[in-house]
Amino acid sequence: MNYWSQFFIPTLKESPADAEIASHKLLVRAGLVRKLGGGLYTYMPLGLRVIHKITQICREEINAGGGIELWMPHVHPVENWTEGPRWNVAREIMFRADSAGAGKRAPAEPEFVLGPTHEEIITPLAKTEITSYRDLPKNFYQIATKFRNEIRPRYGLMRAREFIMMDSYSFDADDEGATQNYLRMKSAYERFFTRLGVQFIAVEADTGVMGGNFSHEFMVPAEVGDNDVLYCDESGYAANREKAASAIVPADLADAAPAGAVEEFATPGVVTIAQLEAAPHSVPAGSQFKTLVYIGDGKPFIVILRGNDELEEAKLGSLGFSLFRPATPEEIAPVLGAKPGSLGAVRGTIKDPSALAGVFADHAIRLVGNGVTGANKDGFHLRHVNVARDLAITRFGDFRRVREGEPCPVCGKPLKLRRGIEVGHIFKLGTKYSERYNAVYTDAQKQSRLMVMGCYGIGVSRSMQAIIEQSHDADGIIWPWAVAPFQVLVCLLDPQNEEAKSVAQKLAAAAEQAGADVLIDDREERPGVKFKDADLIGIPLRVTIGGKGLKEGVVEVKWRAEKEMAKVPVGVAESHLATLVRDAWEKAPRVK
């Protein structure tokens, strides 16, 4: 057992000025962390106890899912990254760690970088150490510090420059094995977050810069989350905004017949969807074609949407470009012949079609059928543009942002929207990394084959704050049992009373023997101060021992999450408390 007077819990009455959300305020006020600089935090003793408990639960569940723990360096030779598939993108979020000494200038390119993740380290390692199909499958993981150069760190541990993460990497002989490893890890994640005591949703997610075949994000629903989740209670479908699809375009939709010949009309000064909606033209946004131009791997390409839709830029990753960005007006004019606002993709109107890497249209433009688009002449548009007849489409795809209320792609019921905090992400990578590093093994027929990979991450420090964001009230934190820094707080109102001290020690010992971590508040403070601190730090079960209660022969027992307080006779308090502790563990079972 621990005594408050000998421990260190520097609680604060006021929130720090830079804390914008409840969980960030409570992290600091409850003495869990202290800020060193932007996105950099010291984990104080109470916070570190929570981190250790989350880490241990994580370790148990990843081990149960087949993981093998190791430890990799945080300082990486830059060559490991330049040889990989994502250096040009990843370098923007990486800290460099040059070895130049005093008086020496750092080279233009870094010699070393601090690891934001470890695919570029583990894959060459596997290439060296795994040579035969007999060595597979393997799943290596670590729980360690990561570094990312956040431009704007905020929200405490939510978006930090240094953070604690579990990262795991699986290697399999074939795609079927990789899928099985992926599903085992998905189950391990579900057990892990369940044991933390948080509500969570596993959602389909975009693979992003990581690449690969498919992925899932694990979200903790919270209004301050920086991710939107579209979901359906009826079917169980859930996806993040970047991946979400809907059934807004019926599968059996027939292409509309042409409504007439294409006609050009003057639109001087009209360069937006809204301006074309207004009088005198009065073309509804849903009847317009929006033409966007991007540069993908150095070559321009066109994306066509309905005028009332927004592009979900992450979905352009499905086009296969390693890098893409919006084109500038100076890059657009030589190819299409006009400035933004008068652009279109009608056959015969594009100035230099050979310069394009393709014309990609969202499926939903088929709902327009015949609409209006730019004429590729400044100040002019075209009407009666038919999707099938007139637009020079290379291929269709899903590029639009799905909105709340659209039909679920599984059952057709309206999709709902909620915000969430991403606390975990899993990817089936395929051979993207093993190809670049030539990570191969020899199969039973003595043939050389690429290892099939998966990667998996859990934000350990972010999970601590996500728990607080989801589980708190106006008075402070309400810790779930399994991750609380202490499960039982024995609040001693009169530390000089020998009888009270004896009862406190007996109760603490009974709770500890039943499996709880116990803190005795033996400070010389007023009861009101002790109760406020108890609520602030959020220990689940509080036992209060006071002189008045002892005269009545009772102690007070109260759960942090409940308003009611029970008076328990001193004679049965030890057994009663032990029963409460054992019952709490039954509701939050440990891995056997």
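Arg 306 is a good place to start in this predicted model: at 9% relative accessibility, Arg 306 counts as buried. Its side chain meets that of Asp 309 in a salt bridge, with 2.8 Å from N to O. Asp 309 is buried as well, because its relative accessibility is 0% and buried means under 20%. The pair belongs to a wider group: salt bridges that share partners connect Arg 306, Asp 309, Arg 400, Arg 403 and Glu 406 in one network.

Let us move on to Glu 310. Its side chain forms a salt bridge with that of Lys 290, at 3.8 Å from N to O. This pair links distant parts of the chain, 20 residues apart: Glu 310 sits in the loop between strand S15 (299–306) and strand S16 (324–326), while Lys 290 belongs to strand S14 (residues 289–296). Is each partner buried or partly exposed? Glu 310 is partly exposed, at 47% relative accessibility, whereas Lys 290 is buried, at 14%.

Now look for Asp 517 and Arg 49, whose side chains also meet in a salt bridge, here with 3.6 Å from N to O. Asp 517 lies in the loop between helix H12 (498–513) and strand S28 (518–521), and Arg 49 lies in helix H2 (residues 45–64), so this salt bridge ties together parts that are 468 residues apart in sequence. Asp 517 is partly exposed, with a relative accessible area of 27%, and Arg 49 is partly exposed too, at 21%.

What lies behind such pairs? Side chains of opposite charge can pair when their charged atoms come close. In this model, the count comes to 42 salt bridges.

How values were computed
Residues are numbered from 1 along each chain as its sequence is written. This is a predicted model: local features need pLDDT of at least 70, side-chain atom pairs count only at pLDDT 80 or more; totals for chains, interfaces and linings use all residues. Side-chain values use heavy atoms; hydrogens and water are left out. A salt bridge is a side-chain nitrogen of Lys or Arg within 4 Å of a carboxyl oxygen of Asp or Glu. Helices (H or I, at least four residues) and strands (E, at least two) are DSSP runs, numbered from the N terminus. Buried means under 20% relative accessible area, exposed over 50%, partly exposed in between (1.4 Å probe, protein chains only).
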